[in-house]
Amino acid sequence: MSRTVSLVLLDATGRPLGALPPFDVPEPWWQEVHSIVDTVRQRHGLEVTVLRLLDADRSTPPGGHVRYLAQVVDAPAVPLEPAAVDLAPHPLRQPWAEAGGPARSVAWATGELSRRCRRVTAVAQQRTWNLSAIWRLDTDQGPAWLKQLPSFARHEPEVLGRLPSVAGLPGDTNSPIGVPVVLAADGEGRMLLDDVPGEDRYGAGEGERAAVAAGHHPVQRRACGIVGELVAAGVPDLRGARLADWIRERLAGHDVSAAAGLLDGLDRRLRQVAGCGLPDTLVHGDLHPGNVRGDDRRLTVIDWADSFAGHPAFDILRLTEDVDADAAARLVDAWARRWRADVPGSDPHRAVDLLRPVAPLRLAAVYAMFLAAIEPGEHPYHVHDVPAALARAAAVARP
């Protein structure tokens, strides 16, 4: 599957210029923009920055014909097509989706690198959507990455800043698993990260997932001791009964009839989870193989923007949700043995079984939070996610 792209261009002052002719890019995922930038450079000799999604010919990604707003520094020499575009401001628009916003963010990152005596040699926009904007900055000392986050994910640098104390320093080969190194953060969503070698581990099999789970366990076990510190730093507190309240608050206004029975019994279910005896800790929140980078030497868990304080079982449930039942059972069994050894008398298996339908229910609330915090033009990214997650929760909860 590919994607057909139309770009409506703004000039350096934010004035609309018109649209480039449509063109195809190989990646179907709407938030991936590096190939858009490369194609426009190769075809038209223009340097563009993609700002945001305008509309698409289908209700949800991936693929299709997608229209974006982009900005150029120099006036294009190529003929442009007339294009209608609404440039009215919106209170929920992300800073990087505004004209001039990306340039300000890149200037901040370049300045931070300069203070570290790293000279930027190239800047490449990688991704932009309502959950993050990402740029690669090549320097004379290797790559760095600029990531900009929305308000509901700005605790990520706080988490990363505290993780080395429980996960080991990046150069420590005895560390169970690596974590990204924060070079700078501005407290307003911008974060500059050192490069993480390797490749994202999409499609990882059971053996690699087992290694991730084994390496992640000491991180979670040691993080039990800093949960209060993390919550004080802004990490969402979804411990115990707070999780039920948080889910209901975010799903208010959505049709939850598919999972009404699960929601009605949620408080009782969470009390039973507490009775299983496992401690609350730092939960990654989206621990799938695509959020792990690795090479021949080390695995590194990336993208902690969905992290929260809560029950450790949520991460093993996410890590095993797309493997066959036998492999998932083996991975959960190994996870449970580690926790039983650390917390004698606990019942990790029962905790997993009780939380299995709660995991997609929490995810439905996460998607509802996204929709409430982003401008309507970005809703196609998530509009179908809430009912789909509620349906999964209801299906898992059935006897």
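1. Strand E8 (residues 144-148) is joined to strand E10 by five bridges, and the two run antiparallel. Within this pairing, lysine 147 has methionine 191 of E10 as its bridge partner. The model in which these bridges are found is a predicted one, and the points below should be read with that in mind.

2. Strand E10 (residues 190-194) also pairs with strand E9 (residues 182-185), again in the antiparallel sense, here over three bridges. In this second pairing, valine 182 is matched with leucine 193 of E10. Four residues lie between the strands in the hairpin of E9 and E10, and glycine 187 there adopts a positive phi near 80 degrees. As for its surroundings, E10 is mostly covered, with four of its five residues buried.

3. A further set of three strands makes up an open sheet, ordered E11-E13-E14, with antiparallel pairing. Strands E11 (199-200) and E14 (299-301) occupy the edges and have a single partner strand each, so that one side of each is left without a neighbour in the sheet. Between strand E13 (residues 292-294) and E14 the antiparallel pairing extends over three bridges, and glycine 294 has leucine 299 in E14 as its bridge partner.

4. Turning to the helices, the axes of H13 (residues 358-373) and H14 (residues 385-397) come within 8 Å and cross at roughly 170 degrees. Because angles over 145 degrees count as roughly antiparallel, H13 is described as roughly antiparallel to H14. On the H13 side the contact involves Pro360, Leu361, Leu363, Ala364, Tyr367, Ala368 and Leu371, which meet Asp385, Val386, Ala389, Leu390, Arg392 and Ala393 in H14. Sorted by class, this contact of H13 with H14 has eleven nonpolar residues, two charged residues and no polar ones.

5. Which cysteine sulfur is nearest to that of cysteine 224? The structure holds zero disulfides, and cysteine 224 is accordingly in no disulfide, the nearest cysteine sulfur being that of cysteine 276, 15 Å away. Seen from the other residue, the sulfur of cysteine 276 has its closest cysteine sulfur in cysteine 224, and because the separation is 15 Å, the two are too far apart for a bond. Cysteine 276 itself is buried, with a relative accessible area of 3%.

How values were computed:
Residues are numbered from 1 along each chain as its sequence is written. This is a predicted model: local features need pLDDT of at least 70, side-chain atom pairs count only at pLDDT 80 or more; totals for chains, interfaces and linings use all residues. Side-chain values use heavy atoms; hydrogens and water are left out. Axes are lines fitted to C-alpha atoms, for helices over the stretch in contact, and angles run from 0 to 180 degrees between N-to-C directions. Angles under 35 degrees count as roughly parallel, over 145 as roughly antiparallel, 65 to 115 as roughly perpendicular and the rest as oblique. Contact means heavy atoms within 4.5 Å. Ala, Val, Leu, Ile, Met, Phe, Trp, Tyr, Cys and Pro count as nonpolar, Asp, Glu, Lys and Arg as charged, and the others, Gly among them, as polar. A disulfide is a pair of cysteine sulfur atoms within 2.5 Å. Buried means under 20% relative accessible area, exposed over 50%, partly exposed in between (1.4 Å probe, protein chains only). Two strands pair if DSSP finds at least two bridges between them.
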